[in-house]
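Got a few minutes for some hands-on exercises? Open up the chain below and work along.

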Amino acid sequence: MDGQADSRFEPVREAFASVIAGQSGTGAAVAAWVDGTWVVDLWGGTANAAGSRPWRPDSLVQPYSVSKPFAAICALALVDRGQLDLDAAVQGYWPEFTAPATVRQVLSHQAGVVALDQQAPTEAFYDWTAMCELLAAQEPQWEPGTAHGESALFYGHLVGELVRRADGRLPGQFLREEVCGPLGLDFHFGLTGAEQARAVDLAGLGGPAWLARKAAGKPDLYRRATANPPGAFDPAIVNSGPWRAAQVPAVNGHCTARGAAGLY
């Protein structure tokens, strides 16, 4: 294990050391700051499944839904600039969108577009336009504004397409140029080749059978919302170059621990 922790946070170092010692797969990192000062910045273990590459301070890992606020902040920056209106209809920016939802309802998981009725291939994740066309045509699972429910796989496309329609840039470019670049945050949607060389393999996932066990006992909508398109929890997919290069901002941001903690 490497890194540093303020003496006040020695229990964090000890707990993290036990995590690293007990991990059967790849390693981990943790960072935290208090009053503008980094008090924890630790990492350890390996960065690939073979165990041949150590986790480094600049290793990039996919944190799944930790990604969602990075998509949201792109839209909120445009709200701040007057380019998006929280209470305007999504259709005012994205006319093809079927669900009668407002921008606010999309941002707050009230729009109801949480699952696709049409079966889509894994490759839909790699095609921004195709995925947004599927989402635009999808009837909501409830009347927007009457319930909450996480759009587990699609939140980033729903928010990101609003960003693209209002600004012209996909969320990955907007985030680099307007948020993470200026703030020095190592967090990205759509990795370059150089960034992919820093990416960590995810361990502990098991593909369709693992996902089926995870969904056991939950409503059918949970399964539909997390398994179509397939692949978002399959190590063969999420550890691949095409997935890491794609923008799936609900789940596939890649970051250092400092990069995530810096925005939060």
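Below are three short exercises on this predicted model, each with a worked solution.

**Exercise 1.** Work out the strand order of the open sheet and find which strands sit at its edges.

*Solution.* Start with the order: the open sheet has 3 strands, arranged β1-β3-β2, and the pairing is antiparallel. Next, look for strands that pair on one side only; these are β1 (2-5) and β2 (28-34), the edge strands. To finish, go from one strand to the next and average the twist, which gives 15°.

**Exercise 2.** Zoom in on how β1 meets β3, then place helix α1 relative to the sheet strands.

*Solution.* First count the bridges: β1 and β3 (residues 37-44) run antiparallel and are joined by 4 of them. Then pick alanine 5 and look for its bridge partner in β3, which turns out to be valine 40. Now bring in helix α1 (residues 10-22): it lies across β1, β2 and β3. Its direction makes an angle of about 20° with β3.

**Exercise 3.** Describe the largest pocket: what is its volume, and which residues line it?

*Solution.* Take the volume to begin with: it comes to about 230 Å³. Moving on to the lining, you should get 14 residues, with Glu150, Ala152, Tyr222, Ala225 and Thr226 nearest the pocket centre. Sort the lining by class and you find 9 nonpolar, 3 polar and 2 charged residues. Last, ask which element gives the most to this lining: that's helix α9 (residues 220-227), with 4 residues.

Technical notes. Residues numbered from 1 in each chain as written. Predicted model: local features only at pLDDT ≥ 70, side-chain atom pairs only at ≥ 80, totals over all residues. Heavy atoms only, no water. 1 Å grid on protein atoms, 1.4 Å probe; cavity = no way out; pocket = protein on both sides within 12 Å on 5 of 7 lines; lining within 4 Å. Points joined across faces, edges and corners; volume = space filled by probe spheres on them. Helix = DSSP H or I, 4+ residues; strand = E, 2+ residues; numbered from the N terminus. Nonpolar A, V, L, I, M, F, W, Y, C, P; charged D, E, K, R; others polar. Pairing = 2+ DSSP bridges. Axes fitted to C-alpha atoms, helices over the stretch in contact; angles between N-to-C directions. Contact = heavy atoms within 4.5 Å.
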